[in-house]
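Reader: I have a structure to look through before I set up some calculations. Could we go over it together?
Author: Certainly. Please put it up and ask as we go.

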Amino acid sequence: MGLLKGQVSALQVLWRQRNLLLALTLRDIQNRYTGSVGGALWALMHPLALLALYAVVFEAVFKVKVPNLSLGQPYVLFIALALWPWMAFQEAVMRGTTAVQQNGALVKKVAFDHELLIYSAVLSCFAIHGVGFAVVLLVLGVLGFNIHWLGLFSLLAFVPVLLLMALVLALLLGALQVFVRDVEQLLSQVMSVLFYATPILFPMAIVPGWLADAMHYNPLVHVIEPLRNALLGQGSMDIASVAGVALGSVLAFAAARAFFLRLSPYFEDMV
Amino acid sequence: MSATPLIQLSGVGKSYPLVQKGGHQLAQVWSRLRGTEPSHVFKALQDISFDVYKGQSVGLVGVNGAGKSTLLKLIAGVVKPTTGRLERRGRIGALLELGAGFHPDYTGRDNVFLACALMGLSRAETQTRIESILAFADIGEHIDQPIKHYSSGMVVRLGFAVATSVVPDVLITDEVLAVGDESFQKKCIAWMENFLMQGGTLLLCSHSMYHIQKLCQRAVWIDQGRMVMQGDAAEVSRSYLAWHDAKAAHVTQQNHLEKLKNSAHYQIKSWSVNGSSDQTLLTLDMGQALNIQGLVYSPDGRRPQVSVGLLRSDGIAIYGVVSEMDGYALQQNKDGLFEFRIEFMHLQLLPGKYHLRAHAMDPEGLRLFDQVECVVNVTGASRELGFCRLAHQWS
């Protein structure tokens, strides 16, 4: 089966070029903090500052109470559990989209697998926000918020699926961006719409029926919402749904990679 | 020479899409996805065919924009050919343009690690090589400064050091020698000569015919994306230079190849050494005089220059002089040829075999055109060391 072979070869590329992938990813991460005095400390400061901001705005100012939230869990916890996975996804797609274009010097002068640029951009975002998420969870836990720690195991399923989804978009848009520079502009608009089309600030339960039906076409709904529910200890995981989304992501990844590889020989002409 | 070439090009061509206004980019993506060529293209290279075998060194010559760099990129694998077939075997190390793939914002050290990773090295493997890379590049403590603060010479040095840290089967370099200073050029040339001696294969692009002739056995001349000539490096570079001069002088370019073969460049028509024009092997006693005379042809009637020199049999120069340095003017004879005579009085070379060489040069004394050579066997008895006697006195 050609599709299966495609996936295997993606893994082969990753394994054979693991040194390069690691170097590119580390450089990407390092890139954000070089030149700053705080260095990697910012990686910890940023999520905590954001968390504090949300706490002040939503708890102290708005005093938001989500109606369907059981156990009396505060809104700040509710947001935090969905926001970091979203930030990882969103930033990964944005960075992946410009990855090839920004490494034009490399593409023009060195022969290597261009897909690694996309992978490293996405991986570095997930690594940074993964650490941020861990810090936030830890702080929330220490502060006595009621986190369902066993739910962490569900991340083993949800994070790879979210990663695959980010890779799909990054591969498609990253290849397109080389030819059509408008992609990047359009993407930031689309992302802000997508933010509200995903249950981050609200649970799906309060979305009116007709809108919820439409929102279910957004694959992120099937990752972000159950991920948060697992960490809140609400409901049980729908294995069939997770498996379905995972399979869909794998298939979409194969298609996106084929698209990317089809265009990648011509990157050098355009960057 | 092994049977299968390391690099094989047959009918290779490369087209670049021309930039157009409006929504053509989307049309281009669509045509790429369908596997068709865009409608407006610039043909950077057309119908290039040649083979490179293990142990060969091949130089690419041509004017700016002829397509040399594109060809090197094709062979390096950075660019895929639009037409034709290109096969590559073995590990190919490429140094394309200034500091291949260095990122200006990162430090030299960071760039070295990434460049090594691009060559497939792990961090640990790079770690073991970094000392020798830094030693070769010789940029001292600047290594921890961002590349953007480097001089172009430093970037090239670092690039060359990295590209050669893993000895490739084929090394591709594009004009690197032009940027480095004299001592670095020497280091590079020494490295390349050693690399060639160990059976390495070299592809070099240079505007310096001196480098082409010194380092390459074969050369390929490219003009306007097409191959004009390929063959022996000295022959190709001579033809290229002559063509280049003809072009500069606005001489009609028709049939220039045919003309080149005959007489369109400065050349030594005949010469004799110590009265003998049979230069197979010349014997003289140490301390004897060496008399050289010859006739030089000048295609444009301007007064050419001549250089004469002696080399050791391993190619190391002992002494060379150009007529222009001494203010010597060649005399035109009645046939329109220019005559020169030079005498080395009391030749103080120690016994052994030497090469005597003479070149015809352009009137400016800048370029070597022709080369004639003979072997001089100096006889005599001496226990002195080295290869030439320096005037001395014990007291």
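Reader: Which residue takes a positive phi in the hairpin of β8(B) and β9(B)?
Author: That residue is Gln224(B), with phi near 50°. The hairpin leaves two residues between its strands. Please bear in mind throughout that this is a predicted model.

Reader: How many bridges join β8 and β9 of chain B?
Author: Six bridges join them, and the strands run antiparallel. Strand β8 covers residues 218-223 and strand β9 covers residues 226-232. Within this pairing, Val220(B) is opposite Gln230(B) of β9(B).

Reader: What sign does phi usually have outside glycine?
Author: Most residues other than glycine have a negative phi. Asp138(B) departs from that pattern with a positive phi near 55°. His346(B), also not a glycine, has a positive phi of about 45°.

Reader: Where is Asp138(B) found?
Author: Asp138(B) sits in the loop that links α4 (123-137) with α5 (152-163) in chain B. It is partly exposed, because 14 other C-beta atoms lie within 10 Å.

Reader: And His346(B): buried or exposed?
Author: His346(B) is exposed, since 10 other C-beta atoms are found within 10 Å and the limit for that class is 12 or fewer. The residue belongs to the loop between β16 (338-344) and β17 (352-361) of chain B.

Reader: As β16 has come up, what is the strand order of its open sheet?
Author: The order is β10-β12-β16-β15 in chain B, four strands with antiparallel pairing. The edges are β10 (267-273) and β15 (331-332) of chain B, each of which pairs on one side only.

Reader: How many bridges are there between β12 and β16 of chain B?
Author: Seven bridges hold that antiparallel pair, in which β12 of chain B spans residues 290-297. One position to look at is Gln293(B), whose bridge partner in β16(B) is Arg341(B).

Reader: Let us change topic. How is β6 of chain B placed, buried or exposed?
Author: Strand β6 of chain B, residues 170-174, is mostly covered, with five of its five residues buried.

Reader: Which of its side chains point which way?
Author: Val170(B), Ile172(B) and Asp174(B) point one way, while Leu171(B) and Thr173(B) point the other way. Side chains in a regular strand alternate between the two faces of the sheet. In β6(B), the residues pointing either way are all buried.

Reader: Which strands does β6(B) pair with?
Author: β6(B) is joined by four bridges to strand β5 of chain B, residues 92-95, and the two run parallel. Another parallel pairing, of five bridges, joins β6(B) to strand β7 of chain B, residues 201-205. On the β5 side, Ile92(B) has Val170(B) as its bridge partner; on the β7 side, Ile172(B) stands opposite Leu203(B).

Reader: What domains does chain B have?
Author: Chain B is divided into domain 1, made of 7-91 + 168-248, and domain 2, made of 267-379. Their C-alpha centres are 35 Å apart.

Reader: How many residues does each chain bring to the contact between A and B?
Author: Chain A gives 20 residues and chain B gives 26. On the side of chain A, α2 (18-33), α5 (104-109), α7 (155-179), α11 (239-263) and α12 (267-270) each supply at least two residues. By class, that side of chain A holds 13 nonpolar, one polar and six charged residues.

Reader: What ipTM does the predictor give the complex?
Author: The ipTM is 0.77, and the pTM is 0.73.

Reader: Where does pLDDT stay under 50 in chain B?
Author: It does so over residues 250-261, for which the model has nine contacts beyond four places in sequence. Where pLDDT is low, the predicted coordinates should not be read in detail. For chain B as a whole, the average pLDDT is 84, and 91% of the residues score at least 70.

Reader: One last point: why does Met325(B) count as exposed?
Author: Met325(B) counts as exposed because it has 11 C-beta neighbours inside 10 Å. This residue lies in the loop between β14 (317-322) and β15 of chain B. From Met325(B) to Ser307(B), 18 residues apart in sequence, the C-alpha to C-alpha distance is 9.4 Å.

Conventions:
Residues numbered from 1 in each chain as written. Chains lettered and ligands numbered in written order. Predicted model: local features only at pLDDT ≥ 70, side-chain atom pairs only at ≥ 80, totals over all residues. Pairing = 2+ DSSP bridges. Buried ≥ 20, exposed ≤ 12 C-beta atoms within 10 Å, placed from the backbone. Domains from an automatic or database assignment. Contact = placed C-beta atoms within 7 Å. Nonpolar A, V, L, I, M, F, W, Y, C, P; charged D, E, K, R; others polar. pLDDT = per-residue confidence, 0-100.
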